[in-house]
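Thanks for coming, everyone. I would like to take you through two topics today, the cysteines and then one strand with its partners, so please keep the structure in view as I talk.

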Amino acid sequence: MNITGYTLLEIIKLVKKRQITIPEVTSFFYNRIKKFNQRLNAFITVLDYQQIKPGIPIAVKDNFCTKGIKTTAASKVLADFISPYESTVTDKLIKNGLTIIGKTNMDAWAHGSSTETSDFGPTKNPWNIDYSPGGSSGGSVAAVSAYLVPAAIGSETAGSIRQPASWSGVIGLKPTYGRVSRYGLIAMGSSLDCPGPLTISVADAAFLLKVIAGKDNYDATTSFQEVPDYLKKLEKNQKFVIGITDEYFEGVLPEIKNKIFTCLNIFRKLGHKIKKIKLISPKYAISVYTIIQRAEVSSNLARYDGIRFGNPREFLGSEAKKRIMLGTYTLSHGYYESFYKKAQQFRTLIIEDYIKAFKEVDFIISPTTPTTAFKLGEFEKYPFFGELMDMLNEPASVAGLPAINLPAGLDKNNLPIGMQIVGPYFYEDRILNLANQFEKETDYFGVIKKGILRYQ
Amino acid sequence: MTKKTRLKIEQILHLADLAGVKLTEAEVKKYQDQLSQTIEYVSNLKNYHVGKAKITYQTTNLSNIFFPDGEKNQRAFSISEALLNAKNKKDNFFKTKKIL
């Protein structure tokens, strides 16, 4: 049976109805990976066929520790690191009938927005292999976009799920900070890091979020809030008030703006209200994020001493060194007050700004990224390329809010455009409800299907 | 506008030393430019008055989270698991360079 383009939930249903067996599903995706991965470099590790445990195969970003499977975070420091324990996220996936078929490429330590800082070579954008898929979850989005797996798990610190999902034309959900456990996720910015699903349907994202979310005794920052049945919450269409703000359209390519305006008209047609609001310009969130993240990076990457595990610090790549040094600078005596402390205070203002906005509207919609995919090699020209590409994602990350990327069409070069929906804390169910209405109405203008059909 | 930030070579070398990273000569020059530019950009916060805004360390307002009493900590490694990835070990220990 040819299951090309079937969603994760559809495949699970077929297996339950015995129309296809698990080994058939596994070999279907295994063969697709063998056929197309060389072109895309989406995976750092693909399991040997015999090594794959029974289950529906999905891919996991290579910064999730997987017991007995190599975990590199795309850095040569961990080139041969075999995790002695399982991350909470992968543990939950396995316990829910899924299996890991491979570990996907990423920017080394998730530092970047193009997957080019990977020590194992860049991932290519499935829509045009001269272009970057975005990052840092570039391998995960490429694998989903080209349908080498039905779904994947990525992680986001600020934009690393939404931005590559936007550039490669898939659905990417970044949950509320603390909704999903970080235990076993190789730490980057601990006050920001957040695992999330990358999928080809909203229902799959809802299903996977339910699987991976929840309180975890091994991550003290996970929330006690009950995890709703996200799939059930999709059933009844709700009506919402959607906020838009000029600040999030500044510096955005006209082509992208127009596509987002088209989408807003669709939401109007579906009975939602659009309301103009005002938010603090994202240009400050870039600074807040850069300062906080670099500080946390310098602390988190201090543990790589090559003594207990991994290779010595000489193996750190250029981007990691740069980030550690900037973090060291902003935490130094004399600079702490003017940078780190100020950023943490500003963070409060961003949070308050959102809370105020969410008294008037249910969501804020904007483009996910100011441009579509860049050509590979471009990022070298900018000292903090990632922060600029992620500028529309950073405010929500700094505040710890949930958000989703949905494909919104193609640009003149046939590259995907993404729309972002940001909601209040723990509003994932309502974000998914609105996203599902958009999916039913537009089918993403055929973007996801076209992406898959390119890989036959 | 704030005056242009330009890190000195000595500062770059000092930061590298503190951060425990080794730099090539080319990297020192590159980082001098790139880190200076980044610091220049993030200094835009200085133009924004934050007043007495509180510091946010935890976005979802959790506090005093403890491991539940009586539950078994399943994170503990056996000695062989803990040593699994160590390049230098002796008996049941990690082997490091001499400190003193």
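If a disulfide is taken as a pair of cysteine sulfur atoms within 2.5 Å, the count comes to zero disulfides over all chains. Cys65(A) is in no disulfide, and its nearest cysteine sulfur, which belongs to Cys194(A), is 17 Å away. Cys194(A) is likewise in no disulfide, with the sulfur of Cys65(A) as the nearest one. Cys65(A) is buried, at a relative accessible area of 4%, and Cys194(A) is buried too, at 0%; here buried means under 20% relative accessible area, exposed over 50%, and partly exposed in between, using a 1.4 Å probe and protein chains only.

I should say that this is a predicted model, in which local features need pLDDT of at least 70 and side-chain atom pairs count only at pLDDT 80 or more, while totals for chains, interfaces and linings use all residues. Residues are numbered from 1 along each chain as its sequence is written, chains are lettered from A in the order in which they are written, and side-chain values use heavy atoms, leaving out hydrogens and water.

Now to the strand, where strands are DSSP runs (E, at least two residues), numbered from the N terminus. How much of strand S10 of chain A, residues 403-410, is buried? Eight of its eight residues are, so S10(A) is largely enclosed by the rest of the structure. Strands pair if DSSP finds at least two bridges between them, and S10(A) pairs in the antiparallel sense with S5(A), residues 171-174, over three bridges, with Asn405(A) as the bridge partner of Gly172(A). Seven bridges join S10(A) to the antiparallel S11(A), residues 416-422, where Met419(A) is the partner of Leu406(A). S10(A) and S11(A) form a hairpin with five residues between them, and Asn414(A) in the turn has a positive phi of about 65°.

Methods: Helices (H or I, at least four residues) and strands (E, at least two) are DSSP runs, numbered from the N terminus.
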